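Please keep the sequence and the coordinates open side by side while reading. The paragraphs below move from single residues to helices and their packing.

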Amino acid sequence: VTVTVSATASHAIPTTLWGQMYEDISFSGDGGLYAELLRNRAFQRVTPGTVASLVGWQAVNGASIAVVAESEPVSNALPNALRLTVPAGSTAQVGVANTGYFGIKVTADTTYKASFHYRFPSSTSSGSLSATLSLQSTAGRVFGSTSVSLSRSTSWARVAADLTATESAGDTSNLFVISVDGAEAAGETVSLAMLSLFPPTFRGRENGLRIDLAEALEEMGPAFFRFPGGNNLEGQTVDRRWQWNATVGPLVDRPGRQGDWSYINTDGLGLLEYLEWCEDLNMIPIMGIWAGYALGGTSVPQSQLGPYIQQAADQINFVIGDPATSEAAALRARLGRPEPFALEYVEVGNEDFIGSAPGTYTYRWRDIVTALQAQFPDIHFIASTIPWNPVLTPVPTHYDVHVYQTPTWFAQNSFFYDDFQRNGTLYFEGEYAAISTNPNNIFGSPAQGRLVYPTMQSAAGEAAFMTGLERNSDIVFAAAYAPLIGHATNNQWTPNLLAFDAGQVYKSTSFYVQKFFSHNRGDEYIPSTLPARTGTLYWSVVRKTSTSEIIIKVINTAATVAPVTFELPFANVASTGTAEVLTGGGTTSNTPSSPNAIVPVTSTIATGQTFDYNAPPVSVSVLTFVAP
Ligand SMILES: O=S(=O)(O)O[C@H]1C[C@H](O)[C@@H](O)[C@@H]1CO
């Protein structure tokens, strides 16, 4: 194929084009990006006395443990506590252990920050009781420990201590243990609440993020961050929706909620943490507000939307409001952030094209946006229905389009936006991923074609589609693969851009494609010969004006080499450039057992006003060279 590149750019590429969609799904937040190591740390939303109430916890050396509804709870938000009773006659170290979120990684010379609230409901003895906090293997090998002194007060007290591991554990089957001397504490009962164990966090932020996951997300070079969902914004019922005000302030005041992906969310990673994360990575937030529809099918009647619109206004004011005029903004100031954050985009709901949602979105969108646009005239509100269906007023300026499909669909639909009318509307390709090879059952099981991890074929299909998003970035202002993160085995959705377990992060083929495009976005699009719409070879040409570089992305979805000749109209094209190439077997994935099966390879290539490039079978190539 010969590709003739035009001399002039057609449009500027929005700096917001490539970013991340995040929600707590497949333990991507609790147990993943959020660095808290203890599972069920505050017994939030559990029913005392049930087996589920003790998930993550186990007795040590004969202690009796149970989650109870505390007669005097540690806070209004946290009604439950773990009651630990030391049996009479014991001489061992007796206590309770947490197994973490499917394991706990222990690294030598690392300091962990432990803390918990406690009280002795019926203190029979006086004086203080020494307790040992330790990190140990399930076989009892102690990697690090420290001791704290518990005053035998009947009212709640908080203890915090650093715990340094002196050796690394061989695997992640480890426990965090709180124990007391059985003889000294025989017969005594202590209540434990709001327990926590943090490893070092990304940029050392308190209540922060797991370093290896955060660094992988940073490596992608995202321009925006959409949160808090996705389904996890919506709730199965109205009262289970995500509520911003329940996710800010001291952890002891955060009640948590039943998330929409089968597990309880601690909400320890909350609105303020999301906003600080956006600033740390220089990402613009695309913030979701709840829009009156719960996933179980309930829409709030139009006459009852008022309080929810007010809650959304407060959420926005928490982000950008003036502490002098908004209570929500004053709360932000009290939490240490008087100055506003940057916010330009607010998405109204999520996937309101499902079930009965479109029918009520007409009034939900109208009443919400009419009220909020008046209060926040500089915010762009994004509609989450199918574009133009239903017809909405006020007319949306932005739509969020989602698609989960096969690798072939993505390659064959890279011209999806070429035929869209240019009427000022902008599009957010808010969720897309090749998730199955079975066009007749996209959302089925692995046995039915569902991908467990991205493959080279799925990544190449997505890359082909992304050349179309780049070509149409005059109307596509942002795009994100979804889901972003998922636990390798304990998940509710596959494939995920990043997989992880307690020990490490696994970067997928699709992760590298997202990184390729994000790091090589360029700032102006240069038209060229159009690829065949339903062929197997796709490309896009951009210019990075700051370095006078031309960047050509070439995607070959065929199993055979694709020779391409590029003809450039520029005078001084460098004679050599670099090629970053991701290629491998079409069905090959990076997995926990083969984490680096397919990784980018960089090489030098010959370039010039006219040059040839052989795109390897099933490959994504980024060719970069200077052409001043
Ligand atoms: O069940 S789905 O609707 O397909 O769920 C999808 C779409 C939804 O926005 C997101 O939360 C989820 C996976 O990323």
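Is A291 buried or exposed? With a relative accessibility of 3%, A291 counts as buried, where buried means under 20% relative accessible area, exposed over 50% and partly exposed in between, computed with a 1.4 Å probe on protein chains only. The model is predicted, and local features need pLDDT of at least 70, side-chain atom pairs count only at pLDDT 80 or more, and totals for chains, interfaces and linings use all residues. Residues are numbered from 1 along each chain as its sequence is written, and side-chain values use heavy atoms, with hydrogens and water left out.

A291 belongs to the loop between β17 and α3; here helices (H or I, at least four residues) and strands (E, at least two) are DSSP runs, numbered from the N terminus. Neighbours within four places in sequence aside, A291 is in contact with V348, G349, R364 and I368, contact meaning heavy atoms within 4.5 Å. One of these partners, R364, is 73 residues away from A291 in sequence, yet the two C-alpha atoms are 6.5 Å apart in space.

R364 itself is placed in helix α5, which covers residues 357-375, and at 0% relative accessibility R364 counts as buried. Its side chain makes a polar contact of 2.8 Å with the side chain of T360; a polar contact is a pair of N or O atoms within 3.5 Å, and within protein one atom must be able to donate a hydrogen and the other to accept it, while residues adjacent in sequence count only if both atoms are side-chain atoms. T360 and R364 can be read with a general point about helices in mind. An α-helix has 3.6 residues a turn, so residues three or four places apart point the same way. Leaving aside neighbours within four places in sequence, R364 is also in contact with A291, G292, Y293, S299, L305, D352 and A357.

D352 leads on to another residue, since it appears among the contacts of S384 as well. S384 sits in the loop between β19 (380-383) and β20 (398-405), and its 1% relative accessibility makes it buried. A polar atom of the S384 side chain lies 3.4 Å from the backbone oxygen of V348. Beyond residues up to four places away in sequence, S384 touches E347, V348, G349, N350, E351, D352, F353, Y361 and D400.

E347, in turn, is part of strand β18 (residues 345-348), and at 1% relative accessibility E347 is likewise counted as buried. The side chains of E347 and R226 are joined by a polar contact of 3.2 Å. With residues up to four places away in sequence not counted, the residues that E347 touches include M287, G288, I289, S384 and D400.

The helices come next. Of the 10 residues in α2 (residues 271-280), 9 are buried, so that this helix is mostly covered. The buried residues of α2 pack against α1 (211-220), β14 (224-227), β17 (284-289) and α3. Just after α2, N282 takes a positive phi of about 55°.

How do the axes of α2 and α3 meet? They come within 11 Å and cross at roughly 45°, where axes are lines fitted to C-alpha atoms, for helices over the stretch in contact, and angles run from 0 to 180 degrees between N-to-C directions. The two helices α2 and α3 are therefore oblique to each other, given that angles under 35 degrees count as roughly parallel, over 145 as roughly antiparallel, 65 to 115 as roughly perpendicular and the rest as oblique. L271, L272 and L275 in α2 meet Q315, F318 and V319 in α3. This contact of α2 with α3 divides into 5 nonpolar, 1 polar and no charged residues, with Ala, Val, Leu, Ile, Met, Phe, Trp, Tyr, Cys and Pro counted as nonpolar, Asp, Glu, Lys and Arg as charged, and the others, Gly among them, as polar.

Helix α3 (residues 306-320) also packs with helix α4 (residues 327-334), at an angle of about 40° and with the axes 7 Å apart, and α3 and α4 are therefore oblique to each other. D314, N317, F318, V319 and I320 in α3 meet A328, A329, L331 and R332 in α4.
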